[in-house]
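Thanks for making the time this morning. I would like to walk you through one model, going from the overall picture to its sheets, its cores and finally a single side chain.

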Amino acid sequence: MNQCKCLGKVYLVGAGPGDPGLLTLKGKTLIEMADVVIYDALVSPEILAMINPNAEKIDAGKRRGRHSLVQTETTNLLREKAQTNAIVVRLKGGDPFIFGRGGEEMQDLIEAGVPVEIVPGITSGIAAPAYVGIPLTHRDYSSSVTFVTGHEAVGKYRPKIDWKAIAKGSETIIIYMGVHNLAQIIPQLIGAGLSQETPIALIRWGTRPEQQLLIGKLSTINEQVERLGFEAPAIAVIGSVVNLHQILTGCMPQRIDPSLISYN
């Protein structure tokens, strides 16, 4: 790959899970100053509204089986924009390095000679459970957490994850992008020793106004998903900490209108 002669720098910015109040100050400053913003599908409209109105905005969003731009196109676009623009922001939902392909994009940019910097964001695997009153750790319930992807390749499920080891090795399991594969994942967890009575929570659009919560057990959740038409994007939380929702739900975080926030 030819080395890039760049005017500017690419910033891989985590937009957080959706609530604009969870965007970092550094991320907010960068999108307000950006010349170009290339954003993903899971970035909330409220955060997109914060982007510099004079910036070029490019949708590189991905959905299951439907890609606006393939990964190589996105990387090439970032490289191209950095040649003629000072601040190029790659805006990604959650945290770029947590199942966000941020590591891949950064590696490609470095190899191309493009200056690049990471700006972490709050990942949905932490924020979404918190917003429904589910702490991932609790001294009486869980002292270990595993984050795992349940994502599939287009048109098929990829059984590369050692679900047996995960079931035996962690008290709380967080599955990203796993709703469409629960029918394949859950039997493996049960086969590895998890009780069919183990509680599970599915959180769709976590921290957003349209947030949805579905709670069940490993033995019932697939039927609930089918019956209610529950769809992605959603985070799955598996473990006894899910039961704390009934106790802590009254203290769930409140969204703050970003227009009311002052940093002066």
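Let me begin with the pairing of two strands, since you can find them quickly on the screen: strand S1, residues 9–14, and S7 run parallel and are joined by four bridges, and within that pairing Val10 stands opposite Val116 of S7. When I say helix or strand, I mean DSSP runs numbered from the N terminus, with helices (H or I) of at least four residues and strands (E) of at least two, and two strands count as paired if DSSP finds at least two bridges between them.

Before going further, a word of caution about the source: this is a predicted model, in which local features need pLDDT of at least 70 and side-chain atom pairs count only at pLDDT 80 or more, while totals for chains, interfaces and linings use all residues. Residues are numbered from 1 along each chain as its sequence is written, and side-chain values use heavy atoms, with hydrogens and water left out.

On confidence, pLDDT is the predictor's own confidence in each residue, from 0 to 100, and the chain averages 89, with 88% of the residues scoring at least 70. Two stretches deserve care: residues 152–156 stay under 50 and have six contacts beyond four places in sequence in the model, and residues 258–264 are also below 50, with five contacts beyond near neighbours in sequence. Contact here means heavy atoms within 4.5 Å.

Overall, the chain has nine helices and 12 strands, and 48% of its 264 residues count as buried, where buried means under 20% relative accessible area, exposed means over 50%, and partly exposed lies in between, using a 1.4 Å probe and protein chains only.

Now back to the sheet that holds S1 and S7. Five strands form this open sheet in the order S3-S2-S6-S1-S7, with parallel pairing. Strand S3 (56–59) and strand S7 (116–119) stand at the edges with a single partner strand each, so one side of each is left without a neighbour in the sheet. From one strand to the next the twist averages 20°; for angles like this, axes are lines fitted to C-alpha atoms, for helices over the stretch in contact, and the values run from 0 to 180 degrees between N-to-C directions.

What stands on either side of Val36 in S2? Val36 lies opposite Glu56 in S3, and its bridge partner in S6 is Val88. Along S2, Val36 and Ile38 point one way while Val37 and Tyr39 point the other, and all are buried.

Two helices lie against this sheet. Helix H1 (residues 25–33) lies across S1, strand S6 (87–92) and S7, running at about 125° to S6. H3 packs on the sheet as well, touching S1, strand S2 (36–39), S3 and S6, and its direction makes about 155° with that of S6. The buried residues of H3 include Thr74, Leu77, Leu78 and Ala82.

The second sheet is also open and has five strands, in the order S8-S9-S12-S10-S11, but here the pairing is mixed. Its edge strands are strand S8 (145–149) and strand S11 (212–217), each pairing on one side only. S8 and strand S9 (residues 172–176) run parallel and are joined by five bridges, with Val145 opposite Thr172.

Turning to the cores, a nonpolar core is a set of buried Ala, Val, Leu, Ile, Met, Phe, Trp, Tyr and Cys residues joined through side-chain atoms within 4.5 Å. The largest has 23 residues, and those touching the most other members are Ile173, Ile175, Leu189, Ile200, Leu202, Val225 and Ile238. Two or more residues each come from helix H6 (163–169), S9, helix H7 (182–191), S10, H8 and strand S12 (234–238), and H7 gives the largest share, four residues. Apart from this core lies another, of 18 residues, among them Ile31, Val43, Ala55 and Ile87.

I will finish with Leu48, which is found in helix H2 (residues 45–48). Is Leu48 buried or partly exposed? At 23% relative accessibility, Leu48 counts as partly exposed, and, not counting residues up to four places away in sequence, Leu48 touches Tyr39, Val43 and Leu91.
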